[in-house]
Amino acid sequence: MSETVMLIAARAKCIPHLPNCDVIGIDRGAYLAIQAGFTLTCAIGDFDSVNETELMQIQAHCPLFQLPTHKDETDSEKGIQYALDQGYRNIILYGGLGGRMDHTLANLYLLMHRYPSLILMDEHHLIRCLTKGVYQIPKYFTYLSFLALCDTVISESGVAYPLTQRKITPSDIYPISNEIQADFAQIEIHEGSVIMIQCEDEHPR
């Protein structure tokens, strides 16, 4: 078993094939992943967003854990907890952004308040938490932004607008829309924690 798993959610498009990465389908994301040629470890969800034919295709492809429609947890939350229970150290939720705002915010809240090691990704975003430490951040997308989760001290180098031991608070929004100018940026969180967002404009393909 790999140390990394990618959970494919319903908003996934152009799903990347990551090396040494297992794949789990979340609700309709399972059907989308199968259609994209992925081999799934399993599929998890209440599957209220697929039709009977699509559900049969998922069942024929991999083990399926069907959840009740009425439940306290979201399908994504159940998938994350399952991945943790299986011993995965790196969990990527792919395709959980956009669409319904409540679903997007719920996934962001899972990252911010429940599972700080979670990574949220789609075709235009990579979102993760950074706590105290030094990080080399590769350039995945055009823009690099930080929003403080608490009073935080941050340094940024290798970017268009560097910062040196700058204190930022949860009400500060100016540390957004920076750009990495080399292959990577060096970020140091001296104290506190932030949400890091790499993103690009969603141009029509």
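In the predicted model, strands β6 and β7 form a hairpin in which three residues separate the two strands. Strand β6 covers residues 119-121 and runs antiparallel to β7, to which it is joined by two bridges. Within this pairing, M121 stands opposite L126 of β7. Strand β7 spans residues 125-130, and five of its six residues are buried, so the strand is largely enclosed by the rest of the structure. Strand β7 is also joined to β14 by six bridges, again in the antiparallel sense. In that pairing, R128 has M196 of β14 as its bridge partner.

These strands belong to an open sheet of 10 strands with mixed pairing, arranged in the order β4-β3-β2-β1-β5-β6-β7-β14-β9-β12. The edges of this sheet are occupied by β4 (64-66) and β12 (178-179), each of which pairs on one side only. Parallel pairing is found between β1 (residues 4-8) and β5 (residues 90-94), which are connected by five bridges; here V5 stands opposite I91 of β5. Towards the β12 edge, the pairing of β14 (residues 194-199) with β9 is antiparallel and comprises six bridges. S145 of β9 is placed opposite I197 of β14 in this arrangement. Strand β9 (residues 143-148) in turn pairs with β12 over two bridges, also in the antiparallel sense, and L144 stands opposite N178 of β12.

A further open sheet consists of four strands in the order β8-β13-β10-β11, with antiparallel pairing. Its edges are formed by β8 (133-138) and β11 (163-168); each has a single partner strand, so one side of each is left without a neighbour in the sheet. From one strand to the next, the twist averages 25°. Strand β8 is joined to β13 (residues 184-191) by six bridges, and the two run antiparallel. I137 stands opposite A185 of β13.

Helix α1 (residues 28-35) lies across β1, β2 (21-26) and β3 (42-45), and runs at about 130° to β2. The buried residues of α1 are G29, A30, Y31, A33 and I34. These residues pack against the strands β1, β2 and β3 and against helix α2 (52-61). An α-helix has 3.6 residues a turn, so residues three or four places apart point the same way. Following α1 is G37, which has a positive phi, near 95°.

Helices α3 and α4 provide examples of residues in contrasting environments. E77 is located in α3 (residues 75-85). Its relative accessibility is 13%, and E77 therefore counts as buried, the threshold being under 20% relative accessible area. Apart from neighbours within four places in sequence, E77 is in contact with L110, R114 and Y115. Y109 lies in helix α4, which comprises residues 101-114. With a relative accessible area of 49%, Y109 is partly exposed. Together with M101 and L105, Y109 forms a nonpolar patch on the surface, and the accessible area of the three residues together is about 330 Å².

How values were computed
Residues numbered from 1 in each chain as written. Predicted model: local features only at pLDDT ≥ 70, side-chain atom pairs only at ≥ 80, totals over all residues. Heavy atoms only, no water. Pairing = 2+ DSSP bridges. Contact = heavy atoms within 4.5 Å. Axes fitted to C-alpha atoms, helices over the stretch in contact; angles between N-to-C directions. Patch = residues over 30% accessible without salt bridge, like charges linked within 9 Å, V, L, I, M, F, W, Y side chains within 5 Å. Areas by Shrake-Rupley, 256 points an atom, 1.4 Å probe, with all protein chains shown as cover. Salt bridge = Lys/Arg side-chain N within 4 Å of Asp/Glu carboxyl O. Buried < 20%, exposed > 50% of the residue type's maximum accessible area, 1.4 Å probe, protein only.
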